[in-house]
Amino acid sequence: MIQAPVIDKSLIKYFIIALVILLPTLAFPISSDLSVFMHGGSIIANGGGLFSDFYDIKPPLIYYLFAGINSIFGDNVFAFRIFDLLYQMSFLVLTAYLLTKLEIKTKVIKAFLILFPLSYTILNYRDIFQTESLAFIPLILYFYYMIKNEDSYKHHIIMGVTLGIALAFKYTLGIVFVGYLIYFFKELKVRNYAKPVLHITVALFIVFLSFLPIILRGDISGFVETNIYLAEYAKYPPIGIELVKTIINFLSYNFGTMTSISYLFLFTVAIILLKNKRLVQIKKYLLIFILLLFGSVILERKINMYHVIRIYPYMMILVSFGLIILIERFRFGRNISTFVIVSMFLILSPLLRFVNTYKIAFDRVFNYESYVSYYTNDMPFTILGQHIEIADYINKKGDEKFLFMNTGGNQAVHYLDFDYRYKFPHSAFHLSPKAPLSYKKAFEEDLHDANIIAIDSSDDIFMIFLSEGSSYDLFFGEKEYNEYIDKNFTLDTVLMDRYFIYERKIK
Amino acid sequence: MKYFQNKYDYLLLTLGILILSLTVFFPVSSDMATFIQGGMILKNGGALYVDYFDVKPPFVYYFFEFLYSMFGKNITLYRLFDFVYQTVFLLSSIYIFNKLEFNKTAIRLFSVLMPMAYVTLSFPSTFQVESLLFLPLIWYYYLESKSQTGKYDKLIKGVLLGIAINLKYTFGILLLADILYMLIQKKSIRSIIIQSVIQLIIALAVTLLLFSPVLLSGNFHSFLDFFNYMKEYSNYPALGFSWLQETIKFGTSFFTEHYSIVLFLSALYIVFYVGSKNIEIENKKLIQGLIVFALILFVSVVIERKMLNYHEQRIFPFLVMLSSIGLSLIIKEMKGYRKTTIAIILFVVILFSPIPRLLNIMRFPVAVITKGGRAFYSTLTEGEEGQILKKHFAVADYINANTNTDKVLLINTGGNEMICYFDFDYKYSFPQSAFYLNERAPEYLKEKAFENIKDSEVIILQNNDQSHIMFFNDDTSLSSIQKNLLIWDYIVTNFKQDTIIEDNFIIYKRNPSN
């Protein structure tokens, strides 16, 4: 009797190591994107509707997921970070199981259980817990069921579900279906077209399900308008030489420093030297999936590291193969090659960054001031201290009708003593000259309801506003708003030379 | 064995030389202007460390005195010289690697990749002492690598080491690389000691010879004074955790963003390959020699504590050859791949190779020919100081049109390119105002600077040349000079502000009564 493969018991201690490696992520503060997701989740958990009480450009699934977490733990960043840690651990356990089922050597899996969490943790607070990282589980399952090639309807339904979830997190992740089509036409001797049709139908149905709450609430028009705005947003940056230069510079920098030279080296070693007949096909399709997902990053034109990590589930498997090949083939000794290779792993790897993340975690617990100052610097989005200061100021006022107008990160709203209630995580969505009229109206409802307003005067991000100017510039650039503020509000104070705080005049 | 055996050898070399020829269209860089200024002052009868002060060894300025006597201020001729020099280096390398029987594909790749790596450094980082090192470096390596030792090898190695030291003192570390290389070759300790001592003695003799103009003019004590002062600069930035972080950051950036991920990974691949079990590789010791030289030269950059691209290029002759060998092995491994697979891999490889940067550099000849040199160079930036060349052109044009004296003094730090565009020869002593304006400057330099000011009729003073590395604080030339009450008082009393050019260069003219 053939027994189903079980996970090697020796892997258990590697799961513990992986957990220890991922642990510092719990200390990371709220990032600008996480803040937006939490904001959306909070509004929905409190009974609000997507595209009627909250507006953002991501597909709905992420907000419902965050609403679910919010309804259990509230608007608590630590709880969200725990969720992410558990999610990544689940991904690691699942991947270890799937790789075992694919009869991949335990030592490769062990390497994966160290290399993957290292690469994830060192991304720091902004590039983890994104839609891309939430798609890791569906992406690895999709690949597994494809390469397993049992070609049953059951498997295609599972593939459809996983593809659908990936799509519902981010539409462009659907590009992996092209990978499946390549497999379908290249590898399958008997092609049953009904199966891929079934699996894409299931995928689309899952995407449809993620929209169901919006459809049922009658908010689909809000979604359509969001997509019109998104189309404008997607045009930026324009295609041209400058974009190519930016992409190359950015990718070279991020692959070199964040992914690291040593990982890229192991990846190269795996590509060149992994020649085991049984594994060559896995290698080939891992590479195809990586290339397709890499292509999707370039197509999106928004080259942030968190966009790039969509390739990690596949890439890190090859990196793990590379490490085992290196250990097996390299003669470590007192020689110049060993010196270079070991130096590379010590200096040009995620190790030093990882040590730094533990320092962050240490500071989070024992030296909070240093922690806040680490996350408060000249970089445009690293302004944790400012967010805390705004929230502290507003909390002292004790009025929950607080409207925060800024773009690029509204983390302040999660440090408030109450649930933030207003609709826009980015003021650009209603202040941009290209904002839909319905957005402006939705904002005006908030404006008329609010008693305290904070307006950011240094958040001029062309990529989101699609025009020059900060929230402050664009808000007061509109005569109607200018007059409304003049008539109904007084300037209370200016915090940190950039946040203008207005208070409603007592009637 | 002859290297040139078929048309591809000629074609690839031609391609390499064509790539190198792009440097002819580069403008003057800030460092090049400094060298030219030194050469100009020496040519006009000035003495080093009396009439001109800079950090490099004397040989560099005597060499530029020679170039200045031939090229004057014609930048294209200097660039042409660099092109010829790099071509000679490339041909020497091909000859040497072929003579040492390196893999043919690797040599072919080198003949294109080396020019590519050099040219993509762009104009600020080419024609530096580091790039002048390439030629002595490769011959030095050859003399230790060749199987049959010649009668004069030790002597020539000593001379080459001496030249290297006189291009930059820290290049003396080559001797350490050579010792390690000899250890790899399993030479006896006795022979290593004898060879090293002979080399060192000859190198010191060469140094003595190249210092002879300074010695004979009786200015050696001035050299020593200035050399001691320059140690202040070599102590900056301070060693510590931040320095380590910056070193790793800039080192990684150089290897991945500048040199390119693909070439760097190829170099690492051959290091791995050489150290692999059960693999017999031709020329193993020679490759280990390349690794040792690249590594030790990189260590010298770290020791200098200035992780700048032009500093790091000193490892290119060895690093590029390592990349070439690595790449040739990878290509060999990929034989048999399908065309579509190769096409896809090639796309990604090109993206992360120096090719996109090379394409960007190719705009130089096109723009120079279509727009004209000045117009195009005015759009270029060096460092973070904005469109600095444009500003230098504007100041030079103003001075040429509005003054009729050669007593024009430039007080700035970080780039004195404009002196190459004055209608007259620049005559004053400092390429960097920080040398006499920073708080650690010795009195005699301040006095010399004051002499320059007293002699001048026109002063150009920059107000945005902050450079912590040079001033040791956040001052500019303007703010620093304003703190020096004696000098500033003299300027205020005897000069009148004429105009400000490009918001950053304040022009003062001496009052007519003075």
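**Close-up 1. Helix α10 of chain B in the predicted model.** Helix α10 (residues 189-216) of chain B, numbered from the N terminus among DSSP runs (helices being H or I, at least four residues), has 28 residues and reaches 39 Å from its first C-alpha to its last, close to the 40 Å expected at 1.5 Å a residue, where the expected span is 1.5 Å times one less than the number of residues. A kink of about 45° lies at B:Leu210, shortly before the proline B:Pro213; the bend is the angle between axes fitted to the seven residues ending at a residue and the seven starting there. After α10(B) comes B:Gly218, with a positive phi near 75°. The model is predicted, and local features need pLDDT of at least 70, side-chain atom pairs count only at pLDDT 80 or more, and totals for chains, interfaces and linings use all residues. Residues are numbered from 1 along each chain as its sequence is written, and chains are lettered from A in the order in which they are written.

**Close-up 2. Helices α1 and α5 of chain B.** The axes of α1 (residues 7-21) and α5 (residues 104-119) of chain B come within 8 Å and cross at roughly 5°, the axes being lines fitted to C-alpha atoms over the stretch in contact, with angles from 0 to 180 degrees between N-to-C directions. The two helices are therefore roughly parallel to each other (angles under 35 degrees).

**Close-up 3. The side of chain A that touches chain B.** In this view, 28 residues of chain A are in contact with 25 residues of chain B (C-beta atoms, placed from the backbone, within 7 Å). α13(A) gives the most to this side of chain A, with 13 residues.

Technical notes. Parallel < 35°, antiparallel > 145°, perpendicular 65-115°, else oblique. Contact = placed C-beta atoms within 7 Å.
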